[in-house]
2 protein chains.
Amino acid sequence: MQTTLRIEDALQTAIRASQGPGAPPLLASALHYAVFPGGHRIRPRLCLSVARACGDGDPLAADSAAAAIELLHCASLVHDDLPCFDDAPTRRGKPSVHAQYGAPLAVLTGDALIVLAFETLARGAANSPQRLATLLSIVARAVGAPRGIVAGQAWECEAAVSLSDYQRAKTGSLFIAATVAGAAAAGAPGQSWSALGELLGEAYQVADDLRDVLCDAEELGKPIGQDAARFRPNAAAQLGVQGAKNRLENLVRNAVESIPPCPGADELRALIQAQTAQFAPTKLALEAA
Amino acid sequence: MQTTLRIEDALQTAIRASQGPGAPPLLASALHYAVFPGGHRIRPRLCLSVARACGDGDPLAADSAAAAIELLHCASLVHDDLPCFDDAPTRRGKPSVHAQYGAPLAVLTGDALIVLAFETLARGAANSPQRLATLLSIVARAVGAPRGIVAGQAWECEAAVSLSDYQRAKTGSLFIAATVAGAAAAGAPGQSWSALGELLGEAYQVADDLRDVLCDAEELGKPIGQDAARFRPNAAAQLGVQGAKNRLENLVRNAVESIPPCPGADELRALIQAQTAQFAPTKLALEAA
C-alpha cells in the first residue's frame with residue numbers, strides 16, 4: 001500500500017478508536033480536527049521509509065509506530081499553540097484547536113492524543129510483544145523528560161537556554177524516534193539509524209527557520225516572524241539566508257551519507273533527497289529553479 | 001517490602017529518570033513537586049494490594065503499574081488545577097503546580113508525567129513483554145478517550161453531561177485500572193477484578209463529594225465547596241449527608257463481596273475495609289466513633 005494511504009489509514013483507525021461509545025462529543029470532534037487534514041506528515045513518512053528500507057518485516061508495527069509519532073507531533077502542536085505558549089490563532093491554514101474549541105478542550109485534546117499514541121503502539125505491536133517494549137521506549141524517550149519534545153518546549157520557560165539541548169529536544173528527538181522506530185519495527189537494530197534522524201531533524205529546523213523569515217502567513221498556514229517576536233533562536237537570523245541555505249544542504253548531504261547498509265538503501269537515499277526538497281520554503285525553491 | 005516503600009521507591013525511580021542529563025531545571029523541579037509529597041496514594045496501594053492477593057508473581061511489573069497509575073493521577077491533578085479549568089490555588093496543602101511554576105510549565109509537567117507513566121511501564125515490564133502489552137492497554141484505556149480520565153474531564157466542557165459517563169470516566173476508570181492491572185501484573189486474569197475497581201471508584205467519589213461539603217479547606221488541602229461553585233453533580237447534595245453515607249457503606253460492602261477467589265482474598269478484604277475507612281472525612285469518622 002502507498003505510504004500516504006498507510007499513514008492516513010493508521011491515523012483514522014486510531015482516531016476512530018478514541019471516538020468510541022461514551023466519548024464526550026466535543027472532545028471526539030476536537031481529536032479529529034487536530035489530526036486531519038494533516039501537514040506533510042514528514043515524521044511518519046520518514047518512519048515508514050526507513051521500515052521499508054529495512055525490509056518492512058512487520059508492517060503493522062511500522063504503521064503503529066508511524067501513527068504514534070504523528071499523534072505525538074499533533075499533540076505538541078495543540079499544546080504549543082495554547083494561549084499560555086504561542087497563543088497561535090491558526091495552524092495548518094485553519095483556526096488552531098484552542099481557537100476553535102477553547103483552551104480547556106485543547107489541553108485535553110493534547111493529553112488524549114499522547115495517550116492514544118501509546119495505545120496505538122500497543123495495538124499495532126500486539127503480535128510482537130518484544131518489539132512493543134523496544135518501540136515504546138524509543139517513542140517515550142523522544143517525547144518526555146529529560147530530552148524529548150516536552151522538555152524542548154520547557155526550555156522556553158528557562159531564563160538561560162542551552163540552544164543545542166533546546167533544538168535537539170524540541171525538533172530532533174521526534175525525527176530520531178521516526179528513524180530508530182522505523183528500523184526497530186522492521187526488526188533491524190534501531191540505534192544505527194539515530195544519526196539519520198538527528199541530521200534530518202536539524203535540517204528540518206533550519207528549513208523551518210528559513211520559512212519563518214521568508215514565507216507569508218498564507219503559505220505557512222500559521223503566523224510568521226514568530227521567532228523574532230518571541231526571541232527564539234533562528235538559523236536564518238544567525239547565519240543569514242544564504243548561510244542557512246548552505247547549512248541545510250550540508251545537513252541533507254550528511255544525512256543521506258549516514259544511511260546504514262540495508263536492503264533498500266538506494267531507494268531511501270533518493271526518497272530523502274526528494275522529500276527534503278519539500279522542506280525548503282517555496283520562495284527558495286523558486287529561486288533555485 | 002512494605003507497600004508504601006514500594007510505591008515511593010517506584011515513583012522516585014521514575015521521577016529521577018525524567019530529571020536526567022539535559023533536563024530543563026524548572027521542568028525537572030516541577031515534576032518532583034507534582035508527585036511528592038503525595039496524597040494517600042490510594043490507587044497504587046489498591047494496585048499492589050490486588051497484585052499481592054493474586055500471589056505477586058512479578059513484583060517489578062506490579063510496582064511499575066502502580067507507579068504509572070499514580071503518575072497519571074498526578075498528571076490529571078496538575079491539568080485539572082490549571083487556570084482554564086478549576087484555577088485551584090492549592091493542592092495537597094501547598095500551592096498548585098501552576099501557582100508555583102506558572103501555567104506553561106504546569107501544562108508541560110502534566111504532559112511529561114503522562115509520557116513518564118508509559119515509560120515506567122515499559123521499564124518495569126521489560127522482563128515480561130507479553131505482560132507489558134496487557135498492562136499498557138489497561139492503563140491507556142483508563143486515561144484517554146473515549147472513556148478514561150481525560151474524557152471524564154472533557155465532559156465538563158459539554159452542555160449536556162451524562163452523569164454516569166462523567167463519573168465512571170473521571171474517577172472510576174483509574175480505580176478499575178488499578179485492580180485490573182494489579183491482577184494482570186501478577187499473571188491473573190484481570191477482567192474479573194474490574195467490578196472491585198468500579199465499586200471502589202464510586203465509593204471514593206461519594207466520599208469525595210462528602211468531603212467537598214463537610215470538610216474545611218485546611219483538612220482537605222484544596223479549596224472546598226467546588227462542586228456547588230462549578231455546578232458539578234455531588235452525591236451529598238443529591239442524597240443528603242446521611243443518604244450519601246449509606247450509599248458509601250453499600251458500595252464498600254459490594255466491593256468487598258466482589259473480590260474474586262484468590263490466594264490472599266481474606267487479607268485483601270480486611271485491607272479494603274481498613275483503607276475505605278480512610279475515604280470518609282474526619283468529621284464523619286469522628287461522629288461514627
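Here a trainee and a mentor talk through a predicted model with chains A and B.

Trainee: What should I know about the numbering and the model before we start?

Mentor: Residues are numbered from 1 along each chain as its sequence is written, and chains are lettered from A and ligands numbered from 1 in the order in which they are written. Since the model is predicted, local features need pLDDT of at least 70 and side-chain atom pairs count only at pLDDT 80 or more, while totals for chains, interfaces and linings use all residues.

Trainee: How do you know which residues belong to the contact of chain A and chain B?

Mentor: Two residues are in contact if their C-beta atoms, placed from the backbone, lie within 7 Å. By that rule, 52 residues come from chain A and 52 residues from chain B. Helix 6 (103-124) is among the elements of chain A that give two or more residues, together with helix 2 (25-35), helix 7 (129-143) and helix 8 (149-154). The most, 14 residues, comes from helix 6 of chain A. Helices (H or I, at least four residues) and strands (E, at least two) are DSSP runs, numbered from the N terminus.

Trainee: What makes the relation of chain A to chain B that of a two-fold axis?

Mentor: Copies are superposed by least squares on the C-alpha atoms of residues with pLDDT of at least 70 in both. A turn of 180 degrees with a shift of 0.0 Å along the axis lays chain A on chain B with an RMSD of 0.0 Å, and that is the relation of a two-fold axis. In chain A, the C-alpha nearest the axis belongs to A:Pro129, 2.6 Å from it. The same surface serves both copies, as 100% of the contact residues of chain A recur in chain B.

Trainee: Why is B:Arg41 called buried?

Mentor: A residue is buried if 20 or more other C-beta atoms lie within 10 Å of its own, exposed if 12 or fewer, and partly exposed in between, with C-beta atoms placed from the backbone. B:Arg41 has 20 other C-beta atoms within 10 Å, so B:Arg41 is buried. B:Arg41 is found in the loop between helix 2 and helix 3 of chain B, and its phi is near 55 degrees, a positive value in a residue other than glycine.

Trainee: Why is A:Asp87 called partly exposed?

Mentor: A:Asp87 has 13 C-beta neighbours inside 10 Å, so A:Asp87 counts as partly exposed. Its place is in the loop between helix 4 (59-80) and strand 1 (90-91) of chain A. A:Asp87 also has a positive phi, of about 50 degrees, although it is not a glycine.

Trainee: And what about A:Glu267, buried or partly exposed?

Mentor: A:Glu267 has 13 other C-beta atoms within 10 Å, so A:Glu267 is partly exposed. A:Glu267 sits in helix 14 (residues 265-279) of chain A.

Trainee: How do you know that helix 13 of chain B is not straight?

Mentor: The expected span of a helix is 1.5 Å times one less than its number of residues. A straight helix of 23 residues would span 33 Å, but helix 13 (residues 235-257) of chain B spans only 23 Å between its end C-alpha atoms. The bend at a residue is the angle between axes fitted to the seven residues ending there and the seven starting there. Helix 13 of chain B bends by about 100 degrees at B:Val241.
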